[in-house]
Structure formats: structure tokens, C-alpha cells
Amino acid sequence: LLLSKGLAFDGHRLVRVDGTALPVPEEDSVAIARHKTAILRKRLSRPVQTLLEHGLLTKETSFLDYGCGQGNDAERLHQMGYTVSAWDPIYQPDGCKEPAEVVNLGFVLNVIEEPVERMEVLREAVELSRRVLVVSTLVVTSETVALGKPYKDGILTGRNTFQKYFHQEELQQYL
């Protein structure tokens, strides 16, 4: 069937039999609008609420919100008297990315479309964490399939953002 279409395999790559290059897949040229994934929160995010509820974050504990987006958690915690630093590559690139007892990587990994970059971000968050690292992502539900078109290991949304929905076991293995 491949030969009838003028195609063949070269190792693990699909190539034309005459040696000419195949067109570059569309996904390689997509510009992801990561800034659109940062939402404006009216209350503390669920991961930060959970830290407070379980006493893992106190006013004596240093806290880094790594990938803080618009910075709502960091701002509210600071107003409440907590020792907070925050960094985000888009909204707070000049923020303080420094070691802390508690590091929050809240809904960050799921918006990074490049698996290598995703792993680098996780490794850096681990290195910055002195006691507790909170990793929160979006999880697969029955509705996630219909939320966009397949792109790399996630989906491309209608707003041109990327979302990687993790299965619980997948995230556990990843960590």
C-alpha cells in the first residue's frame, strides 16, 4: 500500500520513494498562546487552599509560586502576611525564582506543549523545593476529548492554547 502511494519507511520515518521530502506536519508550525491559559482568580487556587487546610503552608514558611500566571495566589498570600515569591515566564519574568520550603507548580505542566521543556520545568521546581512540592495538573475526564484537536501529547484548544490532560496514574509515573 505504501509503495502504491510512492512512500516507504526509512527506519522509523515515512519518506517518499523518490527521495523528496514529505511536507512538514502542520503541528510543527503552530504558535501556542500560552498567556491565554493564565486565569484571573477571585479566590486562592485549590492547590494553595489545600496547603493551608493541611498546615503545610504557614506564615513562617517560605513559598514560591512557580509559573504563577497573573499572580493572584501570591498577591493574596502576601496580603495575608505570608512570605511569598512568584515567577512566571510571561506575566512575571522578573519575579523571584528562588528556593523555598514550599513550591507550587499549579496547573503549569499541562500548558507546556514541549515534553522536554515540561520535564525541565519539573526538575527545576524539584530543585527549588526545600520541603514540599505541589504539582497540580488537569486530569482526563470523559469531556476532555471534545475540547480541542489532538496536538503532540495533548490538545490544541479553540483559543490556540495547549492542554495536556493527565490520567492520575500517568501523572504519578511522570513525577
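This passage describes the fold of the chain, two of its helices and a few individual residues in a predicted model.

The chain contains four helices and nine strands, and from the N terminus on these elements follow one another in the order β-β-α-β-α-β-β-α-β-β-β-β-α. The radius of gyration of the chain is 20 Å, well over the 16 Å that the globule rule gives for 175 residues, so the chain is more spread out than a compact globule. Along the principal axes, the C-alpha atoms fill a box of roughly 70 × 35 × 30 Å. Of the 175 residues in the chain, 37% are buried. When contacts with a separation of 6 or more are considered, 62% of them are accounted for by residues 24 or more positions apart. The accessible surface of the chain amounts to about 10,700 Å², and carbon and sulfur atoms contribute 54% of that surface. The chain carries 20 positive and 24 negative charges, and the mean positions of these two groups are 4 Å apart.

Helix H1 spans residues 46–53, and within this helix Pro47, Val48 and Leu51 are buried. Seen down the axis of H1, these buried residues fall within an arc of 95°, so they line one face of the helix. The elements against which the buried residues of H1 pack are strand S3 (62–66), helix H2 (72–79), strand S5 (100–106) and strand S6 (129–136). After H1 comes glycine 55, which has a positive phi near 70°.

In helix H2, the buried residues are Asn72, Asp73, Ala74 and Leu77. The cover over these buried residues of H2 includes H1, S3, strand S4 (83–87) and S5, and H1 in turn has H2 among the elements that its own buried residues pack against. Just after H2, a positive phi of about 95° is found at glycine 81.

Two residues in the strands illustrate the contacts made there. Serine 85, which lies in strand S4, is buried, with a relative accessible area of 7%. Leaving aside residues up to four places away in sequence, serine 85 touches Phe63, Leu64, Asp65, Cys96 and Glu98. Valine 132, found in strand S6, is likewise buried, with a relative accessible area of 14%. With residues up to four places away in sequence again left out, the contacts of valine 132 are Leu51, Leu56, Glu101, Val102 and Val103; of these, Leu51 is one of the buried residues of H1. Between valine 132 and glutamate 101 there are 6.2 Å in space from C-alpha to C-alpha, although the two are 31 residues apart in sequence.

Positive phi values also occur at residues other than glycine. Lysine 152, for which phi is near 50°, is placed in the loop between strand S7 (149–151) and strand S8 (154–156). The relative accessibility of lysine 152 is 32%, and this residue counts as partly exposed. Asparagine 160 has a positive phi of about 65° and is not a glycine either; its place is in the loop between S8 and strand S9 (162–163). Asparagine 160 is also partly exposed, with a relative accessible area of 29%.

How values were computed: Residues numbered from 1 in each chain as written. Predicted model: local features only at pLDDT ≥ 70, side-chain atom pairs only at ≥ 80, totals over all residues. Heavy atoms only, no water. Helix = DSSP H or I, 4+ residues; strand = E, 2+ residues; numbered from the N terminus. Rg over C-alpha atoms; globule rule 2.2 N^0.38 Å. Buried < 20%, exposed > 50% of the residue type's maximum accessible area, 1.4 Å probe, protein only. Contact = heavy atoms within 4.5 Å. Areas by Shrake-Rupley, 256 points an atom, 1.4 Å probe, with all protein chains shown as cover. Lys, Arg positive; Asp, Glu negative; His and termini not counted. Charge placed at Lys NZ, Arg CZ, Asp CG, Glu CD. Arc of directions from axis to C-beta.
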